[in-house]
Amino acid sequence: MINIYTQVPQGEAWLNRYRGKLPIFACVLGFTETGLIPGISAAGLTPDDRRYTACADAEFLYYGAEYQPKYPLPPLTSGASPVLISRAVVANLNIPVYLFNAGLPHIPPVPLIELGGTPARCLSGGAAMNVDTVKHLLAEGLRWGSQLSSQLNSDRYLIISECVVGGTTTALAILTGLGIDAVGKVNSSHPVCNHGQKWDLVQTGLAKIPPSVDPLELVAAVGDPMQVVVAGMAIAASRSCGVLLGGGTQMLAVYALIQAIAHRYDLSWQP
């Protein structure tokens, strides 16, 4: 039931090492006003719905379907929220769940670890966040990556997931800003991806910043608060346990960001 699509020997070795081992599940919640642009995301029927998608996901992930939520899952035009699958897995395998607020406009009524971040502005402005906030979130990610991994033996692993509506567009911006040709390769919540709309926004945002900027300045310009938190968590946790980045193409951007941050700031990690 598990397919490996690239670097097969490396993937098989990872699976053989961690198969059957109980992980810890961390979900980092964030927000970008990019997600409020009409048509940019299907994770919520309207822009106003998308303000509360992360809240709804957090409640469902933590409490399940029997709970009467303050923020019900938003109506979707097609398909079902991925949190349905995530909840089924963590509930049936009794996986410990940690929820982190990297920067939300509304706070869900769940046990939440506050990281002191802020929601990001739309990436098209080239000034999504304050760089001091980004540096603070990286430090918090490093701290919590160390803290969570300290609960695990070297033969166990940490799953780091995300919920950021509009996050595939900020992912495209980060990948492009790091010099990776990702045009037309970053997916979305739409059944047919809106590549053109995403690329127009990314070009607009990147045009407002100098090329080859510091990776943290890049996140501050066109990223979202989740990205740098997960990067820090993964860097620190990889030193002592396995790490699984759960979040599709958004996590490809995080991985590229990890490489850039570790290189720029001379941080040790285990890729």
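Is C241 buried or exposed? In this predicted model, C241 has a relative accessibility of 6% and counts as buried. That makes the cysteines a good place to begin our walk through the structure.

A disulfide is a covalent bond between the sulfur atoms of two cysteines. A pair of cysteine sulfurs has to lie within 2.5 Å to count as one, and by this rule the model has zero disulfides. Take C55: it is in no disulfide, and the nearest cysteine sulfur, which belongs to C163, is 8.9 Å away. C55 is also buried, with a relative accessible area of 1%. Back at C241, the closest cysteine sulfur is that of C27, at 17 Å, and this is too far for a bond.

Let's turn next to helix α9, which covers residues 225-237. From the first C-alpha to the last, this 13-residue helix reaches 19 Å, close to the 18 Å expected at 1.5 Å a residue. How many of the residues of α9 are buried? The count is 13 of the 13, so the helix is largely enclosed by the rest of the structure. Look also at the N-terminal end of α9, where D224 acts as a cap. A side-chain oxygen of D224 lies 3.0 Å from the backbone nitrogen of M226.

Now for the charged residues. Side chains of opposite charge can pair when their charged atoms come close. Here the structure holds five salt bridges, and three of them are worth a visit.

One of these joins K21 and D155, with 3.5 Å between N and O. The pair links distant parts of the chain, since its two residues are 134 residues apart. K21 sits in the loop between α1 (8-18) and β1 (24-30), while D155 sits in the loop between α5 (131-149) and β4 (157-163). K21 counts as partly exposed at 32% relative accessibility, and D155 counts as partly exposed at 30%.

Another salt bridge is formed by R51 and D48, whose closest N and O atoms are 3.7 Å apart. R51 is partly exposed at 33% relative accessibility, and D48 is partly exposed at 46%.

The last stop is D181 with K185, a salt bridge in which the closest N and O atoms are 3.6 Å apart. Are these two residues buried or exposed? D181 is exposed, with a relative accessible area of 55%, and K185 is exposed too, at 54%.

Key
Residues numbered from 1 in each chain as written. Predicted model: local features only at pLDDT ≥ 70, side-chain atom pairs only at ≥ 80, totals over all residues. Heavy atoms only, no water. Helix = DSSP H or I, 4+ residues; strand = E, 2+ residues; numbered from the N terminus. Expected span 1.5 Å × (residues − 1). Buried < 20%, exposed > 50% of the residue type's maximum accessible area, 1.4 Å probe, protein only. Polar contact = N/O pair within 3.5 Å; in protein donor to acceptor, adjacent residues only side chain to side chain. Salt bridge = Lys/Arg side-chain N within 4 Å of Asp/Glu carboxyl O.
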